[in-house]
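Biologist: Hi, could you walk me through this one? I have a few quick questions.

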Amino acid sequence: ITYNSICDTNVTITIDEPEQLNFTTTTTDVTCFGGSDGSATVNIISGGNPPFSFLWNSGHTTATASGLVPGTYTCTITYNSICDTNVTITIDEPNIIDTTVADTACGNYLWVGTNYTSTGIHIRTLTSVDGCDSIVTLNLTILNTITVTDPCIANNIVCQTSPGAAS
């Protein structure tokens with residue numbers, strides 16, 4: 001610095017850089033296929049200078065974003081009023097529970113409270129033990145019943161599960 005055109009003075013200014021921000025993330029995937037109960041949290045461990053602000057691309061403005069559907073999310077953490085750090089997390093979901101069962105019955109078939117009397121494909125949405133919907137397809141074959149009027153033979157007929165088998 002020069003003043004009065006003749007005097008010089010040196011001034012040293014030190015600008016400290018804030019300590020690097022250290023954080024961890026915690027995620028909870030959605031419980032069921034197609035669900036919206038996922039969550040993500042940013043945990044500040046050290047570094048930066050408070051206050052910290054959070055802005056998720058989902059619109060959440062706290063360290064925790066909840067009610068998330070499966071996908072990728074970014075959180076911008078602002079600290080020291082001017083520094084930004086971005087973190088990206090992914091919320092996953094389990095596969096849809098979808099199964100097919102094939103069965104054969106003689107005359108009729110009782111499945112999930114419904115009595116079926118004809119061959120066909122029947123689809124039901126059931127709830128699994130974890131509360132998720134399961135799609136179950138029943139490929140059902142109903143064998144024709146045999147009517148026998150001779151009382152000596154009628155008492156000894158047993159319907160088998162293979163088509164056309166009777167003894």
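Modeller: Happy to; we can go from the overall make-up to a sheet and then the surface.

Modeller: This is a predicted model, where local features need pLDDT of at least 70, side-chain atom pairs count only at pLDDT 80 or more, and totals for chains, interfaces and linings use all residues. Residues are numbered from 1 along each chain as its sequence is written, and side-chain values use heavy atoms, leaving out hydrogens and water.

Biologist: How many helices and strands are there in the protein?

Modeller: The protein has 1 helix and 13 strands, taken as DSSP runs numbered from the N terminus (helices H or I, at least four residues; strands E, at least two).

Biologist: And the open sheet, what order do its strands have?

Modeller: The order is 9-13-12, a sheet of 3 strands with mixed pairing; two strands pair if DSSP finds at least two bridges between them. Strand 9 (97-106) and strand 12 (120-127) are the edges, each pairing on one side only.

Biologist: How do strands 12 and 13 run?

Modeller: Antiparallel, with 8 bridges joining strand 12 to strand 13 (residues 133-143). Thr-127, for one, has Asp-133 in strand 13 as its bridge partner.

Biologist: Switching topic: is Ile-13 buried or exposed?

Modeller: Ile-13 counts as exposed because its relative accessibility is 69%; buried means under 20% relative accessible area, exposed over 50%, and partly exposed in between (1.4 Å probe, protein chains only).

Biologist: Where does Ile-13 lie?

Modeller: Ile-13 is in the loop between strand 2 (7-8) and strand 3 (22-28).

Biologist: What share of the residues count as buried?

Modeller: That would be 22% of the 167 residues.
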